[in-house]
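Work through the exercises below with the sequence and the 3D view at hand. Try each task before reading its solution.

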Amino acid sequence: MRRDLTGPPACVLADADVLLVGLFSSKDKEFGAKLDLLAASVKAHGGRVVSRHVQRRVSRTAVRPR
């Protein structure tokens with residue numbers, strides 16, 4: 001995720017409906033804050049977040065073989 005403020009100009013996202021989708025490690029406890037940061041960036045550039053979807057990824061090494 002980029003954290004710089006040199007992103008797309010506001011006219012690109014002006015009045016746009018944006019869907020946020022994130023694939024996060026199951027170990028990542030900060031995924032909500034990361035989506036909040038991204039949503040704030042969308043809003044700052046004139047867009048609207050209409051939905052958020054999160055999928056948690058589990059490492060194959062965390063799954064026990066049978």
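The exercises go from model confidence to the core, the aromatic rings, the salt bridges and one loop residue.

This is a predicted model, in which local features need pLDDT of at least 70 and side-chain atom pairs count only at pLDDT 80 or more, while totals for chains, interfaces and linings use all residues. Residues are numbered from 1 along each chain as its sequence is written, and side-chain values use heavy atoms, with hydrogens and water left out.

**Exercise 1. Confidence**

Task: find where in the protein confidence is lowest and where it is highest.

Solution. Step one is the score: pLDDT is the predictor's confidence in each residue, from 0 to 100. Step two is the whole protein, where the mean pLDDT is 83 and 74% of the residues reach 70 or more. Step three is the elements: helices (H or I, at least four residues) and strands (E, at least two) are DSSP runs, numbered from the N terminus. The lowest confidence is in helix 1, at a mean of 67, and the highest is in strand 1, at 95.

**Exercise 2. The nonpolar core**

Task: list the residues of the largest nonpolar core, then say which elements each supply at least two of them.

Solution. A nonpolar core is a set of buried Ala, Val, Leu, Ile, Met, Phe, Trp, Tyr and Cys residues joined through side-chain atoms within 4.5 Å. Buried means under 20% relative accessible area, exposed over 50%, and partly exposed in between (1.4 Å probe, protein chains only). The largest core has seven residues, namely L13, V18, L20, F24, L35, A39 and V42. Strand 1 (17-25) and helix 2 each supply at least two residues of this core.

For a residue of helix 2 (residues 31-44), take L38. L38 counts as partly exposed because its relative accessibility is 32%. The C-alpha atom of L38 is separated from that of V49 by 9.5 Å, with the two positions 11 residues apart along the chain as the offset.

**Exercise 3. The aromatic pair**

Task: find the aromatic pair and classify its geometry.

Solution. Rings of Phe, Tyr and Trp (its six-membered ring) pair if their centres lie within 6.5 Å; planes under 30 degrees apart count as stacked, over 60 as edge-to-face and the rest as tilted. The structure holds one such pair. The partners are F24 and F31, at 5.9 Å centre to centre with 40° between the planes, so the pair is tilted.

Next, compare the accessibility of each ring's residue. F24 is buried because its relative accessibility is 12%, whereas F31 is partly exposed at 25%. Finally, look at the contacts of F24, where contact means heavy atoms within 4.5 Å. Not counting residues up to four places away in sequence, F24 touches F31, K34, L35, V54, Q55, R56 and R57.

**Exercise 4. Salt bridges**

Task: say which residues are linked with R48 in a network of salt bridges.

Solution. A salt bridge is a side-chain nitrogen of Lys or Arg within 4 Å of a carboxyl oxygen of Asp or Glu. The structure holds four of them. D15 forms one with R48, with the closest N and O atoms 3.9 Å apart. D15 lies in the loop between helix 1 (10-13) and strand 1, and R48 in strand 2 (residues 48-57), so this pair ties together parts that are 33 residues apart in sequence.

D17 also bridges to R48, the closest N and O atoms being 2.7 Å apart. This pair links D17 in strand 1 to R48 in strand 2, 31 residues apart. D15, D17 and R48 thus appear linked in a network. D15 is exposed at 60% and D17 is exposed at 52%, while R48 is partly exposed at 39%. D15 has a positive phi of about 60° although it is not a glycine.

A further bridge joins D36 and R52, with the closest N and O atoms 2.7 Å apart. D36 lies in helix 2 and R52 in strand 2, so the pair ties together parts that are 16 residues apart in sequence.

**Exercise 5. A loop residue**

Task: is D28 buried or exposed, and what does the side chain of D28 reach?

Solution. D28 is found in the loop between strand 1 and helix 2. D28 counts as buried because its relative accessibility is 16%. The side chain of D28 reaches the backbone nitrogen of E30 at 2.9 Å.

Definitions and conventions. Polar contact = N/O pair within 3.5 Å; in protein donor to acceptor, adjacent residues only side chain to side chain.
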